[in-house]
Structures are given as C-alpha cells and as structure tokens.
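Colleague: Could you take one part of this fold and walk me through it closely? I'd like to see how that part sits in the rest of the chain.

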Amino acid sequence: EYVSPRYDVVLPPVVGDKVSYGFNGDFYPAGEVTKVSPSFRTVTTSCGKVFRRRKNTSVWVNDKTWCLVAGVHDRRNPEL
C-alpha cells in the first residue's frame, strides 16, 4: 500500500487491434495497430498516428492530449 510508484499489470495494444483516439468525450477512429515497439513505448496506427506511453501507466497519448482507446468509436461530445 505504501509503495511509490505503483505499477499495474497492463495489456498493451497488439498489432491488428482496432483502435480509436479520444479527448474530452470526442472519439475518432484510428484504424488498426500496425506497429508496437519492443518496449511497448510507442504504438503506430494505420492512419499514421504515433502514440507514446505515458511513463509506466496504461495510457498511450498523441500530442500530449489524444488518448488511445480500444475498439472503434466515432462520436462527439453532445454538450459542446
């Protein structure tokens, strides 16, 4: 309980997984994962986006904002 930093077991994206990227309720399809680095630090998609892992977390980000999510999502935040 009193250990820092905390580590979780993470299932990284696998080549061929369908993925999307999102921020603040907006999600856009990103195609499929085409490349994963051996250290799981970077993930490249078929639409050309490169996502980098944030430290040792389960979050991969693009441009410090857009987060990689599993599955195909195409929706916009209706509140904006």
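What follows is a close look at strand S3 and its surroundings.

Modeller: Sure, let's do S3, with the caveat up front that this is a predicted model. First, some context. The protein has 6 strands and 0 helices, so from the N terminus on the elements simply read β-β-β-β-β-β. Those strands make a closed barrel that runs S1-S2-S3-S4-S5-S6 with antiparallel pairing. From one strand to the next, the twist averages 45°. Along the principal axes, the C-alpha atoms fill a box of roughly 40 × 30 × 20 Å. 

Now to the strand itself. S3 covers residues 42–45, and its two faces are not alike in cover: Val43 and Thr45 make up the covered face, while Thr42 and Thr44 make up the uncovered one.

Take Thr45 from the covered face. Is Thr45 buried or exposed? Thr45 has a relative accessibility of 2% and therefore counts as buried, given that the cut-off for buried is under 20%. As for what surrounds Thr45, leave aside the neighbours within four places in sequence, and the contacts are Val19, Ala30, Glu32, Val33, Thr34, Phe51 and Leu68. Some of those can be placed on the strands: Ala30, Glu32, Val33 and Thr34 fall within S2, which spans residues 26–36. Val19 falls within S1, residues 18–23. Phe51 belongs to S4, residues 50–53, and Leu68 to S6, residues 66–70.

Next, the two flanks of S3. On one side, S2 and S3 run antiparallel and are joined by 3 bridges. Val36 stands opposite Val43 on that side, and Val43 is one of the residues of the covered face. The two strands form a hairpin with 5 residues between them, and in the turn Phe40 has a positive phi of about 65°. That sign is worth a second look, because most residues other than glycine have a negative phi.

On the other side, S3 and S4 pair in the antiparallel sense, again over 3 bridges. Here Thr42, from the uncovered face, has Arg52 in S4 as its bridge partner. This hairpin has 4 residues between the strands, and Gly48 takes a positive phi near 95°.

If you're checking backbone torsions, a couple of other loops have positive phi values too. Asn24, in the loop between S1 and S2, has a phi of about 55° although it is not a glycine. Asp63, in the loop between S5 and S6, also has a positive phi of about 55° without being a glycine. Asp63 has a relative accessible area of 63% and therefore counts as exposed. The strands on either side of that loop, S5 (residues 60–62) and S6, pair in the antiparallel sense over 2 bridges, with Asn62 and Trp66 as bridge partners.

For a second view of the surroundings, go to Tyr21 in S1. With a relative accessible area of 13%, Tyr21 is buried. Beyond four places in sequence, the residues touched by Tyr21 include Ala30, Phe51 and Leu68, and those three are also among the contacts of Thr45. Tyr21 also touches Asp26, Phe27, Tyr28, Pro29, Lys49, Trp66, Cys67 and Val69. One of these, Trp66, is the bridge partner of Asn62 mentioned above.

Ahead of S1 comes a segment that includes Leu11. At 80% relative accessibility, Leu11 counts as exposed. The C-alpha atoms of Leu11 and Ser58 are 7.9 Å apart, with their positions 47 residues apart along the chain. For Tyr21 and Val10, 11 residues apart along the chain, the C-alpha separation is 18 Å.

To put S3 back into the whole: buried residues make up 24% of the 80 residues in the protein, and Thr45 and Tyr21 are among the buried ones. Of the contacts between residues at least 6 apart in sequence, 40% join residues at least 24 apart. The protein exposes about 5800 Å², with carbon and sulfur atoms supplying 55% of that area. On charges, there are 12 positive and 8 negative, and their mean positions lie 8 Å apart.

Technical notes. Residues are numbered from 1 along each chain as its sequence is written. This is a predicted model: local features need pLDDT of at least 70, side-chain atom pairs count only at pLDDT 80 or more; totals for chains, interfaces and linings use all residues. Side-chain values use heavy atoms; hydrogens and water are left out. Buried means under 20% relative accessible area, exposed over 50%, partly exposed in between (1.4 Å probe, protein chains only). Contact means heavy atoms within 4.5 Å. Accessible areas come from the Shrake-Rupley method with a 1.4 Å probe; for residues, only the protein chains shown count as cover. Lys and Arg count as positive and Asp and Glu as negative; His and the chain ends are not counted. The place of a charge is taken as NZ of Lys, CZ of Arg, CG of Asp or CD of Glu. Two strands pair if DSSP finds at least two bridges between them. Axes are lines fitted to C-alpha atoms, for helices over the stretch in contact, and angles run from 0 to 180 degrees between N-to-C directions.
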